[in-house]
Amino acid sequence: MLSNLMSWQITLPIALAAAVIGYLLGSIPFGLILTRAAGLGDVRSIGSGNIGATNVLRTGNRKLAAATLLLDALKASAAAWIVGYFLGEEAAIIAGFSAFIGHLFPVWIGFKGGKGVATYIGTLLGVAPIMVVLFAAVWLAVAVTTRYSSLSALVAMLATPVALWILGNEKVAAVMAIMTLISYWKHRANISRLMGGTESKIGAKG
């Protein structure tokens with residue numbers, strides 16, 4: 001299994017091309033674009049200040065939040081699919097990872113982006129689509145049990161690379177593990193609130 005992990009065959013120029021394409025696609029701030037287009041102003045001025053779907057939902061527009069979630073996921077999937085079609089499977093993994101990084105640190109808006117859950121799912125859809133089912137199942141199980149959206153995402157992101165590794169997809173498992181660690185860092189405020197018992201639950205007001 002470790003030999004498979006170390007057997008990357010991609011050349012540096014192709015890897016760099018995949019990274020650039022993925023990053024630029026991931027950097028598209030759909031949450032900001034959609035809220036401005038809808039006349040709701042700058043989503044970064046409310047709530048957590050993030051550009052992701054959770055903060056867009058704080059505008060009160062559920063359809064806009066759903067559209068943001070979908071587009072933030074699909075930009076990572078598109079990066080993996082497009083790059084994978086032309087440059088191969090390993091390039092697709094790099095493109096998906098880079099789209100995730102682009103969403104967290106978008107060049108267009110001062111490198112201040114979202115927390116990456118949607119683009120994490122989108123990357124999975126692009127490089128290991130069956131794992132989206134596992135992610136969703138774990139998220140739903142934790143959400144129903146605890147009613148914490150953040151905890152549900154954190155547990156699902158922890159389970160995903162473990163399952164990928166068990167199933168023998170070591171390359172994707174390693175990349176998703178790195179993405180999990182980065183997203184945990186982006187969720188550090190949520191983790192602090194969860195530990196302190198002050199994190200908002202699903203459906204809570206205020």
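## A buried residue in H6

At 4% relative accessibility, Ile93 counts as buried. Buried means under 20% relative accessible area, exposed means over 50%, and partly exposed lies in between, with a 1.4 Å probe and protein chains only. Ile93 sits in helix H6. Helices are DSSP runs of H or I with at least four residues, strands are runs of E with at least two, and both are numbered from the N terminus. Ile93 and Arg36 are 57 residues apart in sequence. In space, 32 Å separates the C-alpha atoms of Ile93 and Arg36.

## Basis of the model

This is a predicted model, in which local features need pLDDT of at least 70, side-chain atom pairs count only at pLDDT 80 or more, and totals for chains, interfaces and linings use all residues. Residues are numbered from 1 along each chain as its sequence is written, and side-chain values use heavy atoms, with hydrogens and water left out.

## Annotated membrane spans

An unreviewed UniProt entry lists residues 12-34, 64-87, 93-111, 118-142 and 162-185 under "transmembrane region". The positions follow the numbering used here, feature names are shortened, and annotations may be inferred rather than shown by experiment.

Two of these spans can be checked against the model. Residues 12-34 are 87% helix and 0% strand. Their end C-alpha atoms lie 36 Å apart. Residues 64-87 are 100% helix and 0% strand. Here the end C-alpha atoms are 34 Å apart.

## Salt bridges

The whole structure holds five salt bridges. A salt bridge is a side-chain nitrogen of Lys or Arg within 4 Å of a carboxyl oxygen of Asp or Glu. Side chains of opposite charge can pair when their charged atoms come close.

One pair is Lys171 with Glu90, whose closest N and O atoms are 2.6 Å apart. This pair links distant parts of the chain: Lys171 is in helix H10, Glu90 is in helix H6, and their positions lie 81 residues apart in sequence. Both Lys171 and Glu90 are buried. Arg36, Asp42 and Arg44 are linked in a network of salt bridges. Arg36 pairs with Asp42, with closest N and O atoms 3.3 Å apart. Asp42 also pairs with Arg44, at 2.8 Å between the closest N and O atoms. The members of this network are partly exposed: Arg36 at 48%, Asp42 at 23% and Arg44 at 31% relative accessibility.

## The largest pocket

The largest pocket has a volume of about 1600 Å³. A pocket is found on a 1 Å grid over the protein atoms alone: it is an open set of points with protein on both sides within 12 Å along at least five of seven lines, whereas a cavity is a set where a 1.4 Å probe fits but cannot get out. Grid points are joined across faces, edges and corners, and the volume is the space filled by probe spheres set on the points.

The lining has 45 residues; a lining residue has an atom within 4 Å of a point. Ala53, Thr54, Asn55, Leu57 and Ser149 lie nearest the pocket centre. Helices H4 (53-57), H5 (62-87), H7, H8 (130-146), H9 (149-166) and H11 (188-196) each supply at least two lining residues. H5 gives the largest share, eight residues.

## Surface patch and Phe111

Val20, Leu24, Val107, Trp108 and Phe111 form a nonpolar patch on the surface. Together they have about 480 Å² of accessible area. Patch residues have over 30% relative accessible area and no salt bridge; like charges are joined within 9 Å, and nonpolar side chains (Val, Leu, Ile, Met, Phe, Trp, Tyr) within 5 Å. Areas come from the Shrake-Rupley method with a 1.4 Å probe, and for residues only the protein chains shown count as cover.

Phe111 lies in the loop between helix H6 (89-104) and helix H7 (117-127). Phe111 is partly exposed, at 46% relative accessible area. Its phi is positive, about 65 degrees, although Phe111 is not a glycine.

## Arg147 and Ala174

Arg147 also has a positive phi of about 65 degrees and is not a glycine. Arg147 is in the loop between H8 and H9. At 41% relative accessibility, Arg147 counts as partly exposed.

Ala174 belongs to helix H10 (residues 170-186). With a relative accessible area of 24%, Ala174 is partly exposed. Ala174 and Leu164 are 10 residues apart in sequence, and their C-alpha atoms are 8.7 Å apart.
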